[in-house]
Amino acid sequence: MMTIDAAGMPYKELNKQIREGIAKGIKKFFLENVNGQYYIGDGIKGDDVIININGTPGNDLGAFMDGPTLIVNNNAQDNIGNTMNSGKIIVKGDAGDVVGYGMRGGRIYIFGNAGYRVGIHMKGYNEQLPVIIIGGKVGSFFAEYMAGGVIVLLGLNNTEPDGEYFASGMHGGTIYIRKNIDFSKYSKEVEFIQADENDMNFLKKYLMEYSDSFNISAEEILGSSFYKITPSSARPYAHLYTSA
Amino acid sequence: MTKTSFSNLQPEYLALVDHNKCVRCKRCIQNCGWGTYSFGGDKILADHSKCVACGRCYTYCPEGAISIVKNPTVIRENANWKENLVQNIWRQSETGGIIISGMGTTFKYKKYFDHILLDACQVTNPSIDPLREPMELRTYLGKKPAKLDLGMDENGEPVLKSKMPPQIELQTPFVFGAMSYGSISLNAQKAIALAARALGIVMNTGEGGLHDDLVPFGKNIIVQVASGRFGVHRDYLNSGIAVEIKIGQGAKPGIGGHLPGEKIGLDISRTRMIPVGTDAISPAPHHDIYSIEDLRQLIYAIKEATDYEKPVSVKVAAVHNIAAIVSGIVRAGADIVYIDGYTGGTGAAPNIVRDHVGLPIELALAQVDERLREEGIRNEASIIAAGSIRSSADAVKAIALGADAVAIGTAALIVMGCHVCGKCNTGNCSWGITTQRPELVRRLDPEVYGERLYNLISAWSHEIQEVLGAMGVNSIESLRGSRERLRGVELTDAELKALGIKHAGL
């Protein structure tokens with residue numbers, strides 16, 4: 001176990017201490033007084049490493065991360081889980097813009113809302129299945145060019161996605177949303193249908209883990225119907241071009 | 001003739017077989033990736049509409065029985081309604097599609113390299129004989145300190161106290177430009193990797209990830225991070241000598257990329273880390289980069305993930321305000337800036353972008369070098385110039401205009417047999433270069449073409465040594481940004497000003 005007081009510490013020094021700690025075999029970290037330091041968990045490896053963060057971590061939290069778990073006890077900022085390969089990020093408050101950009105594996109659980117550009121170009125590959133679950137709502141450009149993985153929008157506290165360009169260019173993966181919204185104003189490249197039993201069985205495991213992370217009732221979440229958004233084609237632009 | 005099959009488009013080329021010479025060995029049928037030839041029972045038949053003049057059939061015809069000629073049936077000449085414009089109207093009216101092509105623009109824009117002359121020594125400042133005297137081509141790419149701290153060791157010898165930022169050491173000022181596995185074949189990438197290692201230079205993965213077979217070449221590979229983030233993960237970032245963030249490409253500034261699903265087979269799927277058969281779409285921008293500050297954030301995210309051991313390069317297309325853009329990139333913390341001119345190549349780009357967007361690399365380089373010097377930050381990053389470097393002369397002129405090194409893309413493909421037919425996007429390349437069809441890829445022998453690439457770059461390097469000697473300098477570094485050694489011919493005052501050179505005679 002290692003506790004680092006991050007008060008006034010530049011990000012380069014903080015992240016160096018974390019990397020050195022991991023190299024020494026430390027599995028559990030407590031970061032205190034974090035105040036906007038960038039890149040916490042950037043490029044670190046190790047499935048059993050857990051970093052507990054008190055304070056507000058800065059941008060690119062868990063970028064390129066491969067295995068560890070980051071627990072943020074407050075809000076987080078932009079670019080969480082950028083191009084992340086595996087691992088878990090739990091945010092007990094709200095998250096900023098660009099969550100899980102190009103993310104290929106692992107899970108991001110956000111208790112509150114997230115900003116613009118969530119899940120852009122998220123992609124699954126073989127057994128790697130990235131999952132983002134957001135308790136509240138998201139802003140514009142949600143799941144643009146989504147190529148794989150799963151995003152769940154719970155809309156707790158009666159929130160709805162309130163942005164534009166929802167799932168435009170989506171050509172892979174699945175979005176689940178716990179509310180029947182008027183989808184006609186959004187992407188024409190996707191289908192909006194009610195989730196079936198298979199979907200719910202699949203989701204259950206992740207939703208249980210989500211509710212455990214925030215001490216909320218899984219029954220309440222699973223109690224209402226879910227809807228599912230899937231791309232109509234894995235090749236949305238196949239007929240756009242002609243060769244000279 | 002049905003309504004759907006009728007087309008106004010006539011064959012551009014005719015594949016003519018001399019049946020007196022032809023021995024019906026059918027090598028042409030086997031060699032053509034386009035399906036032009038077939039056997040008609042007693043003789044070879046040619047479907048001219050499929051011929052793209054890629055040169056494969058006549059190169060491999062043992063009897064010299066094939067000639068490819070421009071279709072003599074003309075579209076009536078008209079300097080305004082040019083042939084290709086008329087053909088494109090027919091093409092688009094029949095398909096409704098955006099016209100795309102491979103390779104760089106075919107338009108006849110002014111090539112500034114062809115209007116620049118090099119200086120040489122006569123009498124008062126002696127030239128140097130590169131056959132007798134050392135002639136340094138070694139080039140280091142990366143951030144250089146603004147000043148050097150020197151100290152003394154215990155023996156009273158001077159030692160360097162400043163810590164040098166990470167550098168890429170090149171034995172000659174060439175790199176191979178970014179060409180992804182997917183846009184080109186694995187055998188083509190292997191040929192380039194073999195040559196890069198033998199030459200002591202580097203190649204670039206492009207945005208298609210790093211195939212397992214190339215991992216052993218890591219010290220000679222720059223790994224690329226583009227907007228699709230294909231195959232990008234922690235170990236990938238650490239597997240090369242440097243990391244490049246691709247913002248733009250000379251052939252298609254401002255737009256993304258699109259590898260069609262039919263090209264995503266098992267092996268490419270593994271390398272790009274995406275499912276088989278789905279489109280690999282690279283969005284036009286990186287959606288985590290909307291500003292110079294955001295770019296800085298990604299540069300340092302990569303530096304953090306690589307423990308500050310790898311230089312980070314940023315690749316951009318040359319566009320109208322390139323000097324200000326590069327200044328911003330350098331201030332964002334890039335160690336290398338790769339600038340791709342508008343004649344640069346591509347696996348596929350819409351013609352409207354390829355042929356009408358961007359800036360000549362010569363002008364971009366001169367402006368960037370000047371701007372960075374004015375701002376006192378030229379040492380902060382090295383510059384790689386690209387965008388159809390066609391000869392060692394282009395390379396020397398690019399370096400004198402301000403580049404540290406030049407990148408070779410199309411020229412490397414020409415080594416492998418490419419005849420610049422511009423059909424890379426179709427995936428039918430008869431030479432096994434821009435295709436993933438196994439029967440076509442197999443014919444490209446990485447060892448053979450690795451050696452030929454080595455030969456080309458070695459020859460060009462010797463030529464550079466010759467002209468450096470003639471100019472009386474013994475190191476390529478002494479020529480960098482030395483625009484005083486260049487003169488322009490047939491250029492206007494505005495062009496000379498943009499290039500920062502004098503007219504010949506002055």
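**Exercise 1. Describe the sheet of chain A and identify the strands at its edges.**

Step 1. In this predicted model, chain A holds an open sheet of 11 strands with mixed pairing, ordered β1-β2-β3-β4-β5-β6-β7-β8-β9-β11-β10.

Step 2. The edges are occupied by β1 (2-5) and β10 (190-194) of chain A. Each has a single partner strand, so one side of each lacks a neighbour in the sheet.

Step 3. From one strand to the next, the twist averages 15°.

Step 4. At the β1 edge, β1(A) runs parallel to strand β2 (residues 28-35) of chain A, and 4 bridges join them. A:Met2 has A:Phe29 in β2(A) as its bridge partner.

Step 5. Two helices can now be placed on the strands. Helix α1 (residues 11-23) of chain A lies across β1, β2 and β3 (50-56) of chain A, at about 175° to β1(A). Helix α2 (residues 197-214) of chain A packs on the sheet and touches β5 (86-91), β6 (107-110), β7 (131-134), β8, β9 (172-177) and β11 (227-231) of chain A. The direction of α2(A) makes about 60° with that of β7(A).

**Exercise 2. Work out what chain A contributes to its contact with chain B, and find a strand pairing between the chains.**

Step 1. The contact takes 38 residues from chain A and 37 residues from chain B.

Step 2. On the chain A side, the elements giving two or more residues are β8 (147-153) and β12 (241-243) of chain A. β12(A) gives the most, with 3 residues.

Step 3. By class, this side of chain A has 15 nonpolar, 15 polar and 8 charged residues.

Step 4. β12(A) also pairs across the chains: 3 bridges join it to β5(B), and the two strands run parallel. In this pairing, A:Tyr241 stands opposite B:Ile98 of β5(B).

**Exercise 3. Locate the domains of chain B and describe the contact between them.**

Step 1. The domain assignment of chain B gives domain 1 (13-101) and domain 2 (139-503). The C-alpha centres of these two domains of chain B lie 34 Å apart.

Step 2. In the contact, 13 residues of domain 1 of chain B meet 16 residues of domain 2 of chain B.

Step 3. On the domain 1 side, strand β5 (residues 98-101) of chain B supplies the largest share, 4 residues. The residues on this side divide into 8 nonpolar, 4 polar and 1 charged.

Step 4. Combine this with Exercise 2. β5(B) touches domain 2 of chain B and is also joined to β12(A) by 3 bridges.

**Exercise 4. Describe the barrel of chain B and the pairing of β11(B) with β21(B).**

Step 1. In chain B, 8 strands close into a barrel with parallel pairing, in the order β11-β12-β13-β14-β17-β18-β20-β21. Neighbouring strands are turned by 25° against each other on average, direction ignored.

Step 2. Strand β11 (residues 174-178) of chain B pairs in the parallel sense with strand β21 (residues 405-408) of chain B over 3 bridges. B:Phe174 has B:Val406 as its bridge partner in β21(B).

**Exercise 5. Classify the packing of α4(B) against α14(B).**

Step 1. The axes of helix α4 (residues 186-199) of chain B and helix α14 (residues 446-471) of chain B come within 8 Å and cross at roughly 45°.

Step 2. α4(B) and α14(B) are therefore oblique to each other. Their crossing is right-handed.

Step 3. Residues of α4(B) in the contact include B:Ala191, B:Leu194 and B:Ala198, while those of α14(B) include B:Tyr449, B:Leu453 and B:Ile457. The contact residues divide into 11 nonpolar, 2 polar and 2 charged.

Notes:
Residues numbered from 1 in each chain as written. Chains lettered and ligands numbered in written order. Predicted model: local features only at pLDDT ≥ 70, side-chain atom pairs only at ≥ 80, totals over all residues. Domains from an automatic or database assignment. Contact = placed C-beta atoms within 7 Å. Nonpolar A, V, L, I, M, F, W, Y, C, P; charged D, E, K, R; others polar. Pairing = 2+ DSSP bridges. Axes fitted to C-alpha atoms, helices over the stretch in contact; angles between N-to-C directions. Parallel < 35°, antiparallel > 145°, perpendicular 65-115°, else oblique. Left-handed = near helix turned anticlockwise from the far one by under 90°.
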